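Pull up the model and let's walk through it together. We'll start with one helix and work outwards from there.

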Amino acid sequence: MAIEYKNAGVDVEAGYKAVSLMKEHVKRTFNQRVITDLGGFGGLFSIAGMEMREPVLVSGTDGVGTKLKLAFLMDQHDTVGIDAVAMCVNDIVCSGATPLFFLDYIACGKNTPEKIACIVKGVAEGCVQSGAALIGGETAEMPGFYPEDEYDIAGFAVGIVDKSDIIDGSHVREGDALVGIASSGVHSNGFSLVRKLFGLNGDKAKETIETYYDDLGKTLGEALLAPTKIYVKAIASLKQAVTVKAISHVTGGGFYENIPRMLPPHTAAQIERGSWPILPIFPLMQRLGDISEKGMFNTFNMGIGMVVAVARDDVPAAIAAIEAAGEKAYEMGQIVGSADETPGVIL
């Protein structure tokens, strides 16, 4: 008997169907600069006519991590694509870049066209929120490598900024203010610890994820699967209003690892506790795991997804610009001098 690719677990017809189903979602992200259609070998995007003296491309790549395990448990796949986009575009805007386009990669044990299209629907929504065009991607069916009902997703974003407008923290000075932009929850980092804290690796994981918590005002699954905030519009609004000296995306490593990445030597970020509302999911996890305060701030975003440095006189205008873009913002600290060459955080 002849053996075909389908006998080995790869269904090329399912792949064709998935592409057909996702087309309507991908088209939502297209703009006049996209000069190729879905299905080509490469995505083409024109930067002709952009009014920049010295254009610089800024790229970023990331995934969603073990947050995907929650999507599997809940059989809800339309938001993790937003996470994939957010993790990439939030990184590149830290340099002052405007996102141009995005590509995704989905690897799965079995290509279920409706599920793949649902994932891509989320990717497209993230691209719409960030103004990036979804110009290409790949769906790899890998039987024997992934379980049939599981998948992984990663993304790659490219943005552009005029060299003179790059934000690199070099103009940060002692006395500058720190403004935090609120997160929507845990975002897409720390989920290996989250799953351990709530026992989401065991036999009762499904029951646990559907448990309603009064503190959260929703089920645990709804709170944890909330998609990562995309800050592109808020940062664009902010840049029009004030001079932005530095930006940090608070991802894995929390405050202690990420905020120093935007600071010059011999400075530190002095954070004022209580200057923003910590979302209820974080104290709930802290109680469950008996985690130290430093451990929480070293792992999670604690309710702040992005931190920016601006001149102190610019704080009111900065907060107004961020909130005009639909996000919540808080003055949360200041830049202080430090004897250490390596930048740090004082909490």
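How many of the 13 residues of H3 are buried? Keep in mind that this is a predicted model. The count comes to 12 of the 13, so H3 is largely enclosed by the rest of the structure. If you want to click through them, the buried set includes Val80, Ile82, Val85, Met87, Val89 and Ile92, and Asp83 and Asn90 are on that list as well. The helix geometry checks out too: at 1.5 Å a residue H3 should span 18 Å, and its end C-alpha atoms are 19 Å apart, which agrees.

Now look at Asp91, which also lies in H3 (residues 80-92). Its relative accessibility is 32%, so Asp91 counts as partly exposed; the cut-off for buried is under 20%. Setting aside residues up to four places away in sequence, Asp91 touches Asp62 and His249. There's also a long jump in sequence to notice here: Asp91 and Val232 are 141 residues apart along the chain, yet their C-alpha atoms sit 9.8 Å apart in space.

From the helix, step into the nonpolar interior. In soluble globular proteins, nonpolar side chains tend to be buried together. Here the largest nonpolar core has 93 residues, and Phe198, Leu224, Phe255 and Ile281 are the ones with the most contacts inside it. H3 supplies the largest share of this core, with 8 residues. To see how one of the well-connected members is packed, select Ile281: beyond its neighbours within four places in sequence, Ile281 is in contact with Val186, Phe198, Leu216, Leu220 and Leu224. A second core, separate from that one, has 8 residues, among them Leu100, Ala133, Ile135 and Val158.

Next, the strands. Strand S11 (residues 329-337) is joined to strand S5 (residues 177-182) by 5 bridges, and the two run antiparallel. S11 is also joined to strand S9 (residues 267-271), again through 5 bridges and again antiparallel. Gly333 is a handy landmark in S11: Leu178 stands opposite Gly333, and so does Ile271.

Finally, zoom out to the annotation. According to an unreviewed UniProt entry, residues 56-161 are covered by "domain: PurM-like N-terminal". In the model, that stretch is 36% helix and 37% strand. Where do the ends of residues 56-161 lie in relation to one another? Their C-alpha atoms are 5 Å apart.

Terms used
Residues are numbered from 1 along each chain as its sequence is written. This is a predicted model: local features need pLDDT of at least 70, side-chain atom pairs count only at pLDDT 80 or more; totals for chains, interfaces and linings use all residues. Side-chain values use heavy atoms; hydrogens and water are left out. Helices (H or I, at least four residues) and strands (E, at least two) are DSSP runs, numbered from the N terminus. Buried means under 20% relative accessible area, exposed over 50%, partly exposed in between (1.4 Å probe, protein chains only). Contact means heavy atoms within 4.5 Å. Two strands pair if DSSP finds at least two bridges between them. A nonpolar core is a set of buried Ala, Val, Leu, Ile, Met, Phe, Trp, Tyr and Cys residues joined through side-chain atoms within 4.5 Å. The expected span of a helix is 1.5 Å times one less than its number of residues. UniProt positions are given in the numbering used here, feature names are shortened, and annotations may be inferred rather than shown by experiment.
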